[in-house]
Amino acid sequence: MPRILITGSLGQIGTELSEKLREKYGKENIICTDLRAPKNNNCDPFYTLDVLDTVSFEHIISSNDIDWLIHNASILSATGEKDPHLAMRVNFRGFDNAIELARKYNLRIISPSSIAAFGPSTPRVNTPDNTVMRPNTIYGVSKVYVELLGEYYNHKWGTDFRTLRYPGIISYKTPPMHGTTDYAVAIFHEALKNKKYESFLKEDMLLPMMYMPDCLKATIGLLEVDSSRLKQRSFNVSGMSFNPEQISDAIKKYIPEFQISYNPDYRQEIAEGWPNSLDDTAAREQWNWKPEYDLDAMVVDMLGNLSDILDIPFDKK
Ligand code: NAD
Ligand code: AKB
């Protein structure tokens, strides 16, 4: 069994990824860490870790016999634009520490990238893996840095670095709080609670998105594939694409009274630099990636699960 360390494990993705990995590899083999302390005992073993603290980061790796590192600690796009220096510290210096420790201890490392690695001059439809990458957010710049430095470590020292460009991730267990695609989660909470939602993105802002079960499937697929099958180290992964009007229409099929209104803010400009859809042929060919959820399947599953959590009756019909 590999012993896996996760940074940023209390975040939207880390919470569910650590749960899934515990089921698969055994609780004792998943070592969770975050800057914050956990609210319950689900994440034992757990260490409080600031990824900028190189000494503690190294101590946790060496004293726990780690094989694989999932480096999820990051500042996302919306918070990054509010505090670019914080994003520079955590996303650049934090990754410097993670990749250097991966080299030193011969770890397999996944550090997620994002659709934010692309920019306004990138071809927006069916965006390929290799294309123009000139992002205009600090978050996007940090993701290009992760991809290029990780690939350099792989080329120079053979470090087993892998990354995947997640679309916006939709989930019901841990709410996202720092990104631009967060509207696509908030809309479900507001639809169930108040039957209305004010979107901070325009009605036609088409973006790539992915439901959490597919995010976990993609992450574990890339984590487990034998290194010899990889012809590249950075991969697009695609789920679905929709805009606020389309997700609102899909929700209305189940909550007919639901109303959406639009009041775009600074996050609209961030979203305008990102692709509409991704070409993930390489991931499909090299590690058999295939998503399971489309918009309608995701909407009905989200409403069902979130209505249970919020204790709000919802008729699936
Ligand atoms: P998140 O913001 O929900 O969680 C990030 C976690 O990192 C938080 O728990 C936070 O406490 C922790 N953290 C922040 N600074 C830290 C530090 N200095 N040291 C240690 N921990 C620190 O993010 P997420 O959605 O879980 O994202 C995980 C990864 O996936 C990130 O690299 C993110 O860029 C990437 N990603 C996420 C999405 C998405 O839609 N959620 C999309 C594309 C890429
Ligand atoms: C964000 O909106 O910042 C993230 C992402 C797409 O990377 N969800």
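This note comments on the ligand site and the cysteines of a predicted model.

1. Ligand 1 is surrounded by 28 residues, and the closest of these are Gln12, Asp34, Arg36, Tyr139 and Ile169. Sorted by class, the shell consists of 13 nonpolar, 11 polar and four charged residues.

2. Several elements of secondary structure contribute to this shell, with at least two residues each from helix 1 (12-25), strand 6 (113-114), helix 5 (138-157) and strand 8 (168-170). Helix 1 provides the largest share, which amounts to three residues.

3. Polar contacts to oxygen atoms of ligand 1 involve both side chains and backbone: an N or O atom in the side chain of Arg36 is 2.7 Å from a ligand oxygen, one in the side chain of Lys143 is 2.9 Å from a ligand oxygen, and a backbone N or O atom of Ile169 also lies 2.9 Å from an oxygen of the ligand. Of the 830 Å² of accessible area that ligand 1 has on its own, the protein covers 93%.

4. On the cysteines, a search of the whole structure returns zero disulfides. Cys43 is in no disulfide, and the nearest cysteine sulfur to its own, that of Cys32, is 5.7 Å away, whereas a disulfide would require two sulfur atoms within 2.5 Å. Cys43 counts as buried because its relative accessibility is 12%, and the cut-off for that class is under 20%.

5. Why is the sulfur of Cys215 not in a bond with that of Cys32? The closest cysteine sulfur to that of Cys215 is the one in Cys32, and it is 15 Å away, so the two are too far apart for a bond. Cys215 is itself buried, with a relative accessible area of 0%.

Notes. Residues numbered from 1 in each chain as written. Chains lettered and ligands numbered in written order. Predicted model: local features only at pLDDT ≥ 70, side-chain atom pairs only at ≥ 80, totals over all residues. Heavy atoms only, no water. Buried < 20%, exposed > 50% of the residue type's maximum accessible area, 1.4 Å probe, protein only. Near = heavy atom within 4 Å. Polar contact = N/O pair within 3.5 Å; in protein donor to acceptor, adjacent residues only side chain to side chain. Areas by Shrake-Rupley, 256 points an atom, 1.4 Å probe, with all protein chains shown as cover. Helix = DSSP H or I, 4+ residues; strand = E, 2+ residues; numbered from the N terminus. Nonpolar A, V, L, I, M, F, W, Y, C, P; charged D, E, K, R; others polar.
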